[in-house]
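I sat down with this model and a fresh notebook page. Here is what I looked up, entry by entry.

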Amino acid sequence: MALKVLSALDAARTQYYHFKAIIIAGMGLFTDAYDLFCIPPIMILIGRTYYPKPEDDDADQAQIPAAVTSTMVAIALLGTVIGQLVFGRLGDLIGRRRVYGFALVLMVVGSIGCGFSICTTRECVLGSLGFFRFVLGVGIGGDYPLSATIMSEFANKRTRGAFIAAVFSMQGLGILTSSVVTMVVCKVFDRASGHLSPTAPTPREADIAWRVILMLGGIPAAMTFYWRMMMPETARYTALVEQNVLQAAKDMEKVMDVSLSQITEDQPLPSTPPPSYPLFSRQFLRRHGRDLFSCACAWFLVDVVFYSSNLFQSQIYNRFLRNQSNAYDAAFEVAKLQAIVAACSTIPGYWATVYFIDRIGRVKLQMMGFFFMALVYFAIGVPYYAYWDKHTNKGFMILYGLTFFFANFGPNTTTFIVPAELFPARFRSTCHGISGAAGKVGSIIGAIGFLWASHNQKMDGYPKALGMTTSLIILGGVCIVGTVMTYLFTRETAGRSLEENEKEEDSKETGILSCFGEIGLRSHSNSTNGVDAA
């Protein structure tokens, strides 16, 4: 029989604390997107400042080596992997609330530290920037499992998917804010320098501009620190993991429009500690291995695709920025194009998910997103050298924008949601962290691998590789694999309580040890009423 406090959470109407939790939990995702999308224009400013063009170089302007950009990307993503694993596990061992604030502190320190480099030489600046981006990555990584878990445990079961998606959609606001801040800062510095000509040396003030952009990204996160510290521990963790049902009821009375008498048990409950099997034991794998495999695999696949295009869109946009320009103008134009893509495709994708996810379900949405992403990549990749390479028109930008729309109206969002719904409370944050870490490993492969693979001739210090056509077709193939994996292994979680999704007692044969044996026998019945156990 469900505890009254948990039943009250599942049936609660939408209240003020839901929206407050969305903002508080979403600031980590905001910071993540802000940092990710300010890097392309910032690397232009750093390149013009610390990599001046030699007099005998035929290039239009100085450029930072691609290897340096990819290294900065990889450092932050590596920190994110570590943060997801460490903070995910700590969230289950000592509580979500106890480590939530520390993850935010790391994000703020990392954001501000990226700007406060202690020197002005190239090697020292890049070393300092790399270190603080790693710290920022650890904080962002820690925020992923904690934010998703906290929101899932506070939400009601009818609109839980929309609430978690709304948290994740804060990335869209982060993208737009990053672009707007970059454009404003660049225009202010450009005007202060007297509108430099394209051939004029880059002023030293450009070294301040990129630092200001990075540091401003930490302010919104810092503003939510107090409210994170004031949030009570989630009722599900307190009641199911700490076994303190009365305290869970008292905590929820503070945030829910309900009296304590309505959510307190009529008589003391017997002490029934949760099953004692440890993480990664045979019993854990038998009960939850398949779910962990499906979540980690889907997140890995979507991040291979998403980050391969996301992190290096400034290189794709170079075809639209043919005119020579000073450093501020170049950074401004890249940020403007990022803002256009965000406003026209990325943000609509996030909010389409918020609206539809509890109506059509996680599985169908994830399959649809993977499938249409594959179609778009094939449409770009197959005729790339025959047409798109020489016709950088609106059609190309529409297709490119659709990749972001269907990523966010699909697997990029659902892979954040589903791991926060499938697992028992004592493993929930850990399993979300493992799934997310698998995704970030995929993002490293996608970002670094795509940078190498997309070259069809020697350039930027990279050898001749596969070229754009082959690379984009491979990415489309990855999306097809994601569609198939979702169909075979992902369970629907919509419309059910977290405790029903756990399947603690009923899914003894749904683990990774047996999931492959059912593929040929299983009829696809992912619906809001559950999935047949293997």
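**Entry 1: what counts as a helix.** Before naming any helix, I noted the rule: a helix is a DSSP run (H or I) of at least four residues, numbered from the N terminus. I also wrote at the top of the page that this is a predicted model.

**Entry 2: the overall count.** How many helices and strands does the protein have? I found 24 helices and zero strands. The protein has 534 residues, and buried residues make up 60% of them. I then looked at contacts between residues at least 6 apart in sequence, and 83% of these join residues at least 24 apart. The accessible surface comes to about 21,100 Å², with 65% of it belonging to carbon and sulfur atoms.

**Entry 3: helix α4 and G101.** I picked G101 to start with, and it lies in helix α4. Does G101 count as buried or exposed? Its relative accessibility is 3%, so I put G101 down as buried, the cut-off being under 20%. Its surroundings in α4 fit that picture, with 14 of the 20 residues of the helix buried.

Next I asked what G101 touches, leaving out residues up to four places away in sequence. The answer is F225 and M229. F225 is 124 residues from G101 along the chain, yet their C-alpha atoms are separated by 6.6 Å.

I also checked the length of α4, which covers residues 96-115. At 1.5 Å a residue, its 20 residues should span 28 Å, because the expected span counts one less than the number of residues. The end C-alpha atoms are 30 Å apart, which agrees.

**Entry 4: helix α6.** How many of the nine residues of α6 (residues 160-168) are buried? Nine of the nine are, so this helix is largely enclosed by the rest of the structure. I listed some of the buried residues of α6, among them R160, G161, F163 and F168.

**Entry 5: F37 in α2.** F37 lies in helix α2. With a relative accessibility of 6%, F37 counts as buried. I paired F37 with V334, which is 297 residues away in sequence, and found the two C-alpha atoms 10.0 Å apart in space.

**Entry 6: the largest cavity.** I searched the whole structure for cavities of 30 Å³ or more and got nine. The largest cavity holds about 140 Å³ of space. It is lined by 14 residues, and the closest to its centre are D32, D35, A76, L77 and R133.

Which helices each supply at least two residues of that lining? They are α2 (16-50), α3 (66-93) and α5 (122-154). By class, I noted eight nonpolar, two polar and four charged residues in the lining of the largest cavity.

**Entry 7: the second largest cavity.** Here the space comes to about 120 Å³. I counted 17 lining residues, with Y144, Q171, F306, Y307 and N412 the closest to the centre. The helices α2, α7 (170-192), α14 (282-310) and α20 (411-417) each supply at least two residues of this lining. Which helix gives the largest share? It is α14, with five residues. The lining of the second largest cavity has 10 nonpolar, four polar and three charged residues.

**Entry 8: three loop residues.** I finished with the loops. Q243 is found between α11 (235-241) and α12 (245-255). Its phi is near 60 degrees, a positive value in a residue other than glycine. At 33% relative accessibility, Q243 counts as partly exposed.

F280 lies in the loop between α13 (260-263) and α14. I saw a positive phi here too, near 70 degrees, again in a residue other than glycine. F280 has a relative accessible area of 47%, so I logged F280 as partly exposed, since exposed means over 50%.

Where is L466 placed? It sits in the loop between α22 (428-453) and α23 (468-489). At 41% relative accessibility, L466 counts as partly exposed. I also checked L466 against W452: they are 14 residues apart in sequence, and 8.3 Å apart in space from C-alpha to C-alpha.

Technical notes
Residues are numbered from 1 along each chain as its sequence is written. This is a predicted model: local features need pLDDT of at least 70, side-chain atom pairs count only at pLDDT 80 or more; totals for chains, interfaces and linings use all residues. Side-chain values use heavy atoms; hydrogens and water are left out. Buried means under 20% relative accessible area, exposed over 50%, partly exposed in between (1.4 Å probe, protein chains only). Contact means heavy atoms within 4.5 Å. Accessible areas come from the Shrake-Rupley method with a 1.4 Å probe; for residues, only the protein chains shown count as cover. On a 1 Å grid over the protein atoms alone, a cavity is a set of points where a 1.4 Å probe fits but cannot get out, and a pocket is an open set with protein on both sides within 12 Å along at least five of seven lines; lining residues have an atom within 4 Å of a point. Grid points are joined across faces, edges and corners, and a volume is the space filled by probe spheres set on the points. Ala, Val, Leu, Ile, Met, Phe, Trp, Tyr, Cys and Pro count as nonpolar, Asp, Glu, Lys and Arg as charged, and the others, Gly among them, as polar.
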